[in-house]
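Here is a friendly walk through one protein model, with cavities, charged pairs and a sheet on the route. Have the viewer open as you read.

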Amino acid sequence: MGEVHDRVEDPDVRPFRTDVDKYYTITAGGRRGPSQRLRLWMWNADFRVVASYRFDQFARQYHAEHPVKGLPARVFAVVWRRRVMNIHHADLDPKAQIGPGLLLMHHTGVFVGGAVIGDNCVMHHNVTIGQRVASGDQGVPRLGDNVWIGPGATITGDVTIGDGATISAGSVVSRDVPARALVAGNPGRVIASDYDNSAMLNYRVRRAPVAAVAPAPAPEAAPATASEPAPEQRPDAAHVDRALAEYARLRDPDGDRHLEAVKAAIFLEDVFHVVLREEQIDPDLLGTAEGMRAVLARAGGTD
């Protein structure tokens, strides 16, 4: 079973990094060489649908915090989402709350409304998740972690799908589903309990254990270097040069400037742990190695 790499420290803060890791694990056996990167970022349509949703989430938050500077990203996100809908016939509503580790398998026909979906979800084609129009049900589905959804499944209304549930192909679910249940049919019925879908997911999202709260230290015990950034936030020069070389091989200097900026933004988050929404960044800088170095310096990653 695949595992999230150790560098994904906080899936809640950077869910897209976990999505990327999952795609590499499932589609490339965990390999991240230039050819695997090219196939994923340029040719994998399933991944593009997920990337569009995650970028829309980032653009909305950045625009809310920086109304003027965030406007180009917001507009680009809207255009990208519309393009995904028209070309790939899939739509993940920005109102949906989807946890890290989302994997679409054969994305065509996937429509997700304002649902709540947990970690490590797998969806196949022609899946519909959203409100139920009949009977005035305005609620939305809530899916737990490690849910596998087969082709043609429909989940509607104010229902709760437990952790580890498996929704078989063609099922129509309009009632709650217990954890680790296997559901099939129209209407969906539980046909097996305590069903293990780990082999179908072939992945797990690793979260750090919650540490016990220690007593507050005495004032004199405060560390003298509290203002210094953590060592892992300051990659050395060799690390920076290697990462920039990989990025140079992937980018297209003659391509669209805005697309290059999006790719560079994702690359910075993925490799250098830079949270872009916390920085005052000119988007024009993100398409060049010099600009990336400037962003890293401003974010405290390197000099």
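How much space lies in the second largest cavity? About 70 Å³. Please keep in mind that this is a predicted model.

**The cavity and its lining**

The count comes to two cavities of 30 Å³ or more. To find the second largest cavity in your viewer, select V49, S52, Y53, D56, R81, V84, M85, A90, D91 and L92, which line it. Six of these lining residues are nonpolar, one is polar and three are charged. Helix α3 (45-65), helix α4 (71-88) and strand β2 (91-92) each supply at least two residues of the lining, and α3 gives the largest share, with four residues.

One of the lining residues is S52, which lies in helix α3. S52 counts as buried, at 4% relative accessibility. Beyond its neighbours within four places in sequence, S52 is in contact with W80, R81 and V84.

**Salt bridges**

D56, also in the cavity lining, leads us to the charged pairs. The whole structure holds seven salt bridges, including these three:

| Pair | Closest N to O distance |
|---|---|
| D21 and R32 | 2.8 Å |
| R60 and D56 | 2.9 Å |
| D56 and R74 | 3.9 Å |

Let us begin with D56. R60 and D56 are four residues apart in helix α3, so about one helical turn separates them. D56 is buried, with a relative accessible area of 3%, whereas R60 is partly exposed at 36%. The side chains of D56 and R74 also meet in a salt bridge. Because D56 lies in helix α3 and R74 in helix α4, this pair ties together parts that are 18 residues apart in sequence. R74 counts as buried, at 17% relative accessibility. Through shared partners, salt bridges join D56, R60 and R74 into one network.

Now to D21, which forms a salt bridge with R32. D21 lies in helix α1 (residues 15-28) and R32 in the loop between α1 and α2 (34-43), so the pair ties together parts that are 11 residues apart in sequence. D21 is buried, with a relative accessible area of 0%, and R32 is buried too, at 18%.

**The sheet**

Strand β2, met above in the cavity lining, also belongs to an open sheet of five strands with parallel pairing, in the order β2-β5-β8-β11-β14. Its edge strands are β2 and β14 (172-173), each of which pairs on one side only. Strand β11 (residues 154-156) and β14 pair in the parallel sense over two bridges. I155 has V173 in β14 as its bridge partner.

Technical notes
Residues numbered from 1 in each chain as written. Predicted model: local features only at pLDDT ≥ 70, side-chain atom pairs only at ≥ 80, totals over all residues. Heavy atoms only, no water. 1 Å grid on protein atoms, 1.4 Å probe; cavity = no way out; pocket = protein on both sides within 12 Å on 5 of 7 lines; lining within 4 Å. Points joined across faces, edges and corners; volume = space filled by probe spheres on them. Nonpolar A, V, L, I, M, F, W, Y, C, P; charged D, E, K, R; others polar. Pairing = 2+ DSSP bridges. Buried < 20%, exposed > 50% of the residue type's maximum accessible area, 1.4 Å probe, protein only. Contact = heavy atoms within 4.5 Å. Salt bridge = Lys/Arg side-chain N within 4 Å of Asp/Glu carboxyl O.
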